[in-house]
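Thanks for coming. Please bring the model up on your screens, and we'll go straight to the helices.

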Amino acid sequence: MNYDLKFINLGITVRHMVNHIDVFGFRIAFYGIIIGIGMLLGLTLAAKDARQRGLGEDAVYDFALYGILSGIVGARLYYVFFRWESYRGNLLEILNLRGGGLAIYGGVIGGALSLLVWTRVKKQSFLNMADSLILGVLVGQILGRWGNFFNCEAFGRYTEGLFAMRIRQAIVNPIMIDQELLRHRIVENGTAYIQVHPTFLYESCWNLCLLLFLLVWRKKKRFSGELLCLYLAGYGLGRFWIEGLRTDSLMVPGTGIAVSQALALCCTLAGTAVLLKKRFPTRRHRD
């Protein structure tokens with residue numbers, strides 16, 4: 001019997017993949033629902049952390065609208081910039097968020113810039129706020145990747161490993177299928193399938209582990225911005241590895257370099273450098 005998706009070594013099969021619901025004739029994508037839930041849960045965690053550290057949860061909720069809107073705008077602009085060839089002939093398509101095309105790093109950059117402005121205006125500490133908000137960001141990322149699952153996107157190269165995921169080729173956007181996947185295409189009962197790394201799952205699990213680590217580590221925090229640095233280093237390390245498996249990476253124009261992989265490496269190095277400098281300051285010797 002045919003199916004849409006199967007984790008072949010885990011015995012998990014999805015006969016018919018559904019990625020939306022219809023409400024009064026209006027289509028609502030699971031991706032959007034999942035992102036919305038992630039935002040609400042993320043804000044709740046960030047507010048709780050801010051309250052425990054004496055910042056007050058009101059500060060988190062006051063910033064929330066600005067952060068969410070700037071994050072969405074940043075995520076879209078980042079994606080459009082590195083996919084400009086797809087939009088230059090139809091600029092109105094840039095506004096079509098329902099058609100997909102949001103980049104996590106763009107969202108983080110957009111949110112960080114708005115937080116920088118907001119904290120300046122409100123005379124708050126950017127680093128203190130960032131330490132709480134980054135916990136919420138991770139919650140959003142953990143859940144958000146499952147939106148990619150329902151959309152059958154954000155997967156990796158061919159694999160026969162434990163988590164190998166087989167997807168019916170007809171339900172996948174053709175631009176995400178490279179020649180390696182086509183060479184390993186599998187045909188069952190007349191239906192073509194591709195077999196891939198479920199990189200959305202890898203990243204979701206990596207972020208969950210990172211979040212749990214930060215929740216424990218925050219009790220040992222020594223300086224403002226430490227959780228932010230740990231996020232940059234930890235998420236960057238995981239994203240650098242996972243991005244190397246992807247088939248749909250955004251590329252630096254004119255090169256074969258994946259943008260997110262290069263940015264992930266920079267974040268890892270920067271976050272690690274600051275952590276080492278703050279945790280192990282150089283001792284000055286007197287003559």
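First, a convention: a crossing is right-handed if the near helix is turned clockwise from the far one by less than a right angle, and left-handed if anticlockwise. By that rule, helix 6 passes helix 7 in a right-handed crossing. Helices here are DSSP runs of H or I, at least four residues, numbered from the N terminus.

Some ground rules. This is a predicted model, where local features need pLDDT of at least 70, side-chain atom pairs count only at pLDDT 80 or more, and totals for chains, interfaces and linings use all residues. Numbering starts from 1 along each chain as its sequence is written, and side-chain values use heavy atoms, with hydrogens and water left out.

Back to the pair. Helix 6 covers residues 199-217, helix 7 residues 226-243; their axes come within 10 Å and cross at roughly 160 degrees. Axes are lines fitted to C-alpha atoms over the stretch in contact, with angles from 0 to 180 degrees between N-to-C directions. The two helices are therefore roughly antiparallel, a label for angles over 145 degrees.

Who makes the contact (heavy atoms within 4.5 Å)? Helix 6 brings residues including Tyr202, Trp206 and Phe213; helix 7 brings, among them, Leu230, Gly234 and Trp241. The contact residues divide into 13 nonpolar, 4 polar and 3 charged.

Now glycine 110. It lies in helix 3, residues 104-122. It counts as buried, at 11% relative accessibility; the cut-off is under 20%, with a 1.4 Å probe and protein chains only. Setting aside residues up to four places away in sequence, glycine 110 touches Ser70, Gly71 and Gly74.

Definitions and conventions: Parallel < 35°, antiparallel > 145°, perpendicular 65-115°, else oblique. Contact = heavy atoms within 4.5 Å. Nonpolar A, V, L, I, M, F, W, Y, C, P; charged D, E, K, R; others polar. Buried < 20%, exposed > 50% of the residue type's maximum accessible area, 1.4 Å probe, protein only.
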